[in-house]
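Reader: I've just opened this one and don't know where to start looking. Please show it to me and then take me through some details.

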Amino acid sequence: MWNYSEKVLDLFYNPVNQGTIADTDEPDVAVVYGEVGSIACGDALRLHLKIQESSQVILDARFQTFGCTSAIASSSALTELIKGKTLDEALQITNQDIAAYLGGLPEAKMHCSVMGQEALEAAIYKYRGIEIEHHEDDDGALICACYGVSAPKIRRVIIENDLTTVEQVTNYVKAGGGCGSCLVGIEDILLEVQQERAAIPARVAAEIGEAQAITEVPPRPLTTVQKIKLIQHVLDTEIRPLLIADGGDVELFDLDGDRVLVSLRGACSSCASSTDTMKYAIEAKLRDLVLPTLTVEAVAPQRT
Amino acid sequence: MVIYLDNNATTRIDPEVLDAMLPYLTDFYGNPASMHSFGGQVGAAVQEAREAVAALLGAEDTEIIFTSCGTEGNNTAIHAALAAQPEKRHIVTTAVEHPAVLNVCKHLEKQGYRVTYLSVDSRGQLDLMELEAAMTGGTALVTTMYANNETGVIFPIAQIGAIAKAYGATFHVDAVQAVGKVAIDLRHSPIDLLTLSGHKLHAPKGIGVLYVRRGFRFRPFLLGGHQERGRRAGTHNVPGIIALGKAASLARHHLANVTQEGRLRDRLEQGLLDRIPDCVVNGGGTERLPNTTNIGFKYIEGEAILFMLNKHGICASSGSACTSGSLEPSHVLMAMGLPYTVLHGSIRFSLSRFTTEAEIDQVLAVMPDIVEKLRALSPFNNDQSDWLQGRELARSA
Ligand code: FES
C-alpha cells in the first residue's frame, strides 16, 4: 500500500471543492473548464473555474476527478491553491506546489500533481482563447504512444522538475509506463537536456571568450555584448523550446541596460494577460541564469 | 477487525497447520538428510507430509518435489520441460499467465525460443481451436494456469492436455490458485508437471511443490546436494514442509465442503450487482473458482475503492494500475479486452474457508456508499458522458 501523507488521505476521504460550476448570467463573471487525461490513461481531471473578468481573479474552483487516491487529493489541493488568485498568479503554480501542499507525494504518484497543473493551464488557456497544441499531431514528436506523451512535454517536465532518470519521467508524466517501447526515446531526450545543460556554461564562456568565468575566478561584470550573447543563448536553449511546445515563441528585440526587450509570437502574443505571464516566466529564467537585475518587457511583434 | 478478502494473494495460516509445524521450529530441528536418528525422525515427518500432498493431488509420493514457492516451481518446470526435448524450440502459453510463467517465456524468447501467447475472450476463456492451430511437431511445452488468479476463470485442462499430448509436447500446469479450491486428480490427467504454493492454501510462505509425473525426463534446475532424489538441491525447509503436509490434509478434507465458500462468494457477487448499478463480473459466464469474484465498477478507479475499503478494515485487491506501482492495468483484464471503464475500476474479492457470512454482509453494507461517493467525484458518470465517448470508451478487443 502506498505511503501517503496525512494530508493526502485527509483530502481523499474528505475532498473539498468537488463538483461542477454552473454557467451563470452574472455580469463580469465567466465560467470555464479545462480537461486533461482520459479514461484510457487511468486518470482524468476536469477543472471548473469561475472567473471575475475585470480583475481576472478566480472566484471559485471545483473539480471532477477519475483516478486514484492521490489524484483526488491533488485535485482538492489544486482548487485550494488557486482560489482567490489572479489567473496570472495561478499560472505560476507548479506541480511541485501541489505536491508540497499535500505534504509530498510518493514519487510514483507525481503524475497526479502534473495532471493538476495541466488542467489549470488548460482551463486558463481555454478562457483566454489560446489553443493548446495537440502534440500528438506533431511530426514524429509523439514519444509515448501508450499514454500520448509528446517530446516537448517530456522535455518540459524534465527541465521544470530537474529529472535525471527515465523512471522519474515515467513517474511524472507516465510516458514509458506501458509497453516500454518508448524508453529509449525518453532516455535520448534526457541526454539531450543534460547535454544542453552541461553545455550552457562552457558555450557561453567560449562565446564570450572568458573560460575563467566558469572556474573559481569571480566573474567580472558582463559587457553588453556578453550580456546579449548570454541572454540569446538562454532564450534559445531554455525558454523557446517550452514556448514552441505550447504554440508560441519569443525573440530578443533589444537590450537597454538591464531592460530586456522581447517580442512574443504565436499563442504567446494573442492576449494581454498571457503576455504578462510570459514576461514573468521569461524574466525569472533570465534572472536565474544570466543576471538577477534583468527585467523583461514585451514589445509589439516585429514583422520580419 | 480485519475482513480479509484477498486470499488469492495469500492466506492466513490455519491454526492446526501452525500447531503441526511449531515443534519443527523448536524441538525437532534435525536435518532430514543426516544419518543420525535425530535427523531421521524429521525425515519420517517429511515423508508423511509428502504423502499428504500426494494424496491431495492424486499423485504418488515419489512424484512430489518440495520447492520454495510457486515461482521456483514454474521456473523449474519450464526449464525441465525444455531440457527434456532440446531439439524442440517452441512454447505455447497464454496471455494471462502469472509473471512467474510469462516472464520466463519472455526471457526464453530472447534466448531464441518461439513462444505463442494464446489470447482469451472477454470471459477470460481460451479458444481451443487457437491452441490447436498453434501446435506443431516442434512444440516442446504447453504451459497454462489451471485457474486465473485475478478472475478465477478455470481453463479446460483435460482438453488442453489432450491437444498437447497429440503433438508430443510436455504439459505443465501452474495450479497455484486451484489446489485446495477444486478437486485435482492427477491419476487421470494429461498433466506432466504441476506447480503449487503453500501460502495459497493456509500454509506459510516459502514452501511449494512441483509435481513431476513418474517417468518424465527431468533435469534439475537447482544443482547442489542430492535432496529430493537429486531433483532439487537445497536443505529441506522442514517446518514449511510439515506445514504444507498438514495444509494439504486439511484442504483435502475441506474440498468436500467447498460449496459453502461458493455460496458466500455468490452472495457477495449477486449482492453487489443488485445494490450497485453499472458493475459487471469479469470472467462471469464461464467456469470459475468458487472463492473468487472480480467486479468492474464503472467510472471509478480501483485504488480509490481499495483505500475506501481499507478504512472499513476490508482487504481486497484491484486490477487497476495505481495499486501496483506500474502504470499498466492488469494484463489479465487487458487481455480480456474489457473497456477501460471496467478495467480501471475492477476489484477482486477472494474468499477462504475462514470467510464468514457477517463479513460478506459488512462488504455489502459499505460498498454502495463507497461507489456512490467516488462516482460523485468522477467526471465519467455514465456511458453517455461526452468526454468518455470522445476518449476510447471501448478498447478494441
Ligand atoms: S509507448 Fe510509451 S510506454 Fe508504450
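Reader: Which residue of chain A forms a salt bridge with Glu303(B)?
Author: A salt bridge here is a side-chain nitrogen of Lys or Arg within 4 Å of a carboxyl oxygen of Asp or Glu. Across the interface of chain B and chain A, that rule finds 1. With Glu303(B) on one side and closest N and O atoms 2.5 Å apart, the partner is Lys109(A).

Reader: Before going on, what pLDDT do side-chain atom pairs need to count?
Author: Residues are numbered from 1 along each chain as its sequence is written, chains are lettered from A and ligands numbered from 1 in the order in which they are written, and side-chain values use heavy atoms, leaving out hydrogens and water. This is a predicted model, so to speak with its own limits: totals for chains, interfaces and linings use all residues, local features need pLDDT of at least 70, and side-chain atom pairs count only at pLDDT 80 or more.

Reader: Back to the two chains: which residues of chain B lose the most area to chain A?
Author: Start with contact, meaning heavy atoms within 4.5 Å: 28 residues of chain B are in contact with 36 residues of chain A. Buried area is the accessible area (1.4 Å probe) that two parts lose on being put together, summed over both, and for these chains it is about 2,700 Å², 67% of it on carbon and sulfur atoms. On the chain B side, 28% of what is buried comes from three residues together, namely Phe307(B), Leu327(B) and Leu377(B).

Reader: Now chain A alone; how many helices and strands does its secondary structure come to?
Author: Helices (H or I, at least four residues) and strands (E, at least two) are DSSP runs, numbered from the N terminus. Counted that way, chain A comes to 10 helices and 8 strands.

Reader: What share of the 304 residues in chain A is buried?
Author: Buried means under 20% relative accessible area, exposed means over 50%, and partly exposed is in between (1.4 Å probe, protein chains only). By that cut-off, the buried residues of chain A make up 52%.

Reader: Which strands stand at the edges of the open sheet of 3 strands in chain A?
Author: Two strands pair if DSSP finds at least two bridges between them. The order in this sheet is β6-β7-β8 (chain A), with mixed pairing. Each edge strand has a single partner, so one side of each is left without a neighbour in the sheet; those strands are β6 (248–256) and β8 (295–299) of chain A.

Reader: What is the bridge partner of Leu255(A) in β7(A)?
Author: Strand β7 covers residues 259–266 of chain A and pairs with β6(A) in the antiparallel sense over 8 bridges. For Leu255(A), the partner in β7(A) is Val260(A).

Reader: At what angle to β6(A) does helix α9 of chain A run?
Author: Axes are lines fitted to C-alpha atoms, for helices over the stretch in contact, and angles run from 0 to 180 degrees between N-to-C directions. Helix α9 (residues 224–245) lies across β6 and β7 of chain A, and its angle to β6(A) is about 165°.

Reader: Arg156(A) and Glu121(A) form a salt bridge; how many residues apart are they?
Author: Their closest N and O atoms are 3.7 Å apart. The pair links distant parts of the chain, from helix α6 (residues 151–161) to helix α5 (residues 110–128) of chain A, with a separation of 35 residues.

Reader: Is Arg156(A) buried or exposed, and what about Glu121(A)?
Author: Arg156(A) has a relative accessible area of 15%, so it counts as buried. Glu121(A) has 14%, so Glu121(A) also counts as buried.

Reader: Which residue meets Arg259(A) in a salt bridge?
Author: Arg259(A) is partly exposed at 33% relative accessible area, and its partner is partly exposed at 41%. The N to O distance is 2.8 Å, and the partner is Asp256(A).

Reader: Where is Gln56(A), the residue with a positive phi?
Author: Its phi is near 60°, a positive value in a residue other than glycine. Gln56(A) sits in the loop between β2 (43–52) and β3 (57–66) of chain A.
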